[in-house]
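Biologist: I should like to request a close look at a single part of this model, namely the place where two of its chains meet. Please describe it in one connected account.

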4 protein chains.
Amino acid sequence: MPDYIEDLEKWQSEFSHSYPVTVRFSETDAFGHLNNTVSFVYFEQGRINFFKDIGFGEEWFAKGGEGIPVTADLHCDYKRQVFFDENLEVHVKVAGIGNSSIDLHYLITNEAGKVCMTGRGRMVQVSRTSGKPLSWSKAALEKLEASQAIAG
Amino acid sequence: MPDYIEDLEKWQSEFSHSYPVTVRFSETDAFGHLNNTVSFVYFEQGRINFFKDIGFGEEWFAKGGEGIPVTADLHCDYKRQVFFDENLEVHVKVAGIGNSSIDLHYLITNEAGKVCMTGRGRMVQVSRTSGKPLSWSKAALEKLEASQAIAG
Amino acid sequence: MPDYIEDLEKWQSEFSHSYPVTVRFSETDAFGHLNNTVSFVYFEQGRINFFKDIGFGEEWFAKGGEGIPVTADLHCDYKRQVFFDENLEVHVKVAGIGNSSIDLHYLITNEAGKVCMTGRGRMVQVSRTSGKPLSWSKAALEKLEASQAIAG
Amino acid sequence: MPDYIEDLEKWQSEFSHSYPVTVRFSETDAFGHLNNTVSFVYFEQGRINFFKDIGFGEEWFAKGGEGIPVTADLHCDYKRQVFFDENLEVHVKVAGIGNSSIDLHYLITNEAGKVCMTGRGRMVQVSRTSGKPLSWSKAALEKLEASQAIAG
């Protein structure tokens, strides 16, 4: 078990947002399965959809927004092979909230609900002008915390 | 033979710029060979290196440059399968010069010198401010024509 | 107008299969729009979904199938820039049927129904064992022709 | 500092294999820099080149080889933004050897020698036939250990 998961069943139950993705043929490799680099593409897609869902789009992606999201680290554990044309779900949750950063957790499941990949990564809000970390506004904090309340 | 190649031998002899690329594992697919979408990645890489070689970097990629390159169309003919770890050469030449556009031709060969893909595509110089086609400057025209002279 | 489109309105009306795709952030590039190489990823995704829809999955993708699909050529015309998070539709149709090949046409539209890219490409059915072109079976021909009848 | 690096200077000095890669335009994103998912493509490319350099190609990539490499996990820490056309070096080393697995460490530096990304990941040798972990042969162990001796 990766060190960011204490109790797999509890950990899984805390995801309340998920996004479908179907494995493209161009995402497979000559071993016949999904290339390992693509899970990070799915994480990014899930993360951005999650931000939109919890109302983070305005701060980060609108022109003129002060803060921009920077990836500090990313991690993926590969549990089960995934093949062309499988219908997956990318689950995303906020696992921790810092002053100007968040720890996001990821779970990719297949149609049978089996765990294919788990992962995590820290995002930092950085000022577009100074390049320095930018503390969450009160409104942003409320949105992040609300996303956790729904899940719990 | 594609309609942009009249005489394959002559056509091949007119390339004087080429760039090496080795097939990555992540670029293969479950059929065991290079995925067909990747040849356009190689074309782009070759095209940009070609622009730098003939001195086009300043106009197009420097900040504040007036013109930006826009892809009008792209074409690829697949002649020979390519596999993981093959060492390829991406050849690029200017096949035609318009008022604000160029027709580029591409050739990808393997280590044995065999033709793997051929292709072509038109690039248009567009004004960053107006979004309209922007005629070549005299200096740019000279660079484009010089690249053809070297090849001939 | 590209030479594979005689009458744009008529050409557009002949598509009866389309598949949604949303532009991923990782598919944009530093010019701020969809990288030109990605339209071929969308074409492939549309093509494979189209094959499944018209019942071609069994012949080509099942283990032990005699024929495999080989891309002979691919072409894309770029008509309108596409940006992160746009919801596109990838339309696919059979535009011509050869002895062992088909000519597929592609159309990518945005949410407003505007044409973003058009394209075409020839696929050849090749024998897995001999590597030579393999004529369509009567059943396959009927499926290809049926897909055209629906569209017309 | 990530937990897999105790002393950065010592850690850096233990890499003896590195591979050049130049950032492609198609690998940038609309934030103007290298998309975060691409560092794993560079890790894979470095890893495979490393395996070839230390003589692992025969076991793993030859047809009929008994063992195949499976990625158990992957991690990347992003230290410095990377932009289009930068010339990077991907450094790879064996940081730990298990019964049927290895822990690989990665370092990506720019032309000035600055650290851009660090990372790690565990690979497991799995039997092609049983799908179970396959212990290293004595010859494989010797190659893995030799790669560490050179570095030290």
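Modeller: What follows is an account of the contact between chain A and chain D, with a short look at one helix of chain D. The model is a predicted one.

The contact draws 15 residues from chain A and 15 residues from chain D. On the side of chain A that touches chain D, at least two residues each come from α2 (38-53) and from β2 (67-78) of chain A. The most is given by β2(A), which contributes nine residues to that side. By character, the residues of this side of chain A comprise eight nonpolar, four polar and three charged.

The strand β2(A) is also paired across the contact: five bridges connect it to strand β2 (residues 67-78) of chain D, and the two run antiparallel. Within this pairing, H75(A) has H75(D) in β2(D) as its bridge partner.

The symmetry of the two chains may be considered next. A turn of 180° with a shift of 0.0 Å along the axis lays chain A on chain D with an RMSD of 0.0 Å. The two copies are therefore related as by a two-fold rotation axis. In chain A, the C-alpha nearest that axis belongs to H75(A), at 2.2 Å from it. Both copies use the same surface, since 100% of the contact residues of chain A recur in chain D.

As for the helix, α2 (residues 38-53) of chain D has 16 residues and spans 23 Å from its first C-alpha to its last, close to the 22 Å expected at 1.5 Å a residue. Of the 16 residues of α2(D), 13 are buried, so the helix is largely enclosed by the rest of the structure. Just after α2(D), G55(D) adopts a positive phi of about 85°.

Methods
Residues are numbered from 1 along each chain as its sequence is written. Chains are lettered from A and ligands numbered from 1 in the order in which they are written. This is a predicted model: local features need pLDDT of at least 70, side-chain atom pairs count only at pLDDT 80 or more; totals for chains, interfaces and linings use all residues. Two residues are in contact if their C-beta atoms, placed from the backbone, lie within 7 Å. Helices (H or I, at least four residues) and strands (E, at least two) are DSSP runs, numbered from the N terminus. Ala, Val, Leu, Ile, Met, Phe, Trp, Tyr, Cys and Pro count as nonpolar, Asp, Glu, Lys and Arg as charged, and the others, Gly among them, as polar. Two strands pair if DSSP finds at least two bridges between them. The expected span of a helix is 1.5 Å times one less than its number of residues. A residue is buried if 20 or more other C-beta atoms lie within 10 Å of its own, exposed if 12 or fewer, and partly exposed in between; C-beta atoms are placed from the backbone. Copies are superposed by least squares on the C-alpha atoms of residues with pLDDT of at least 70 in both.
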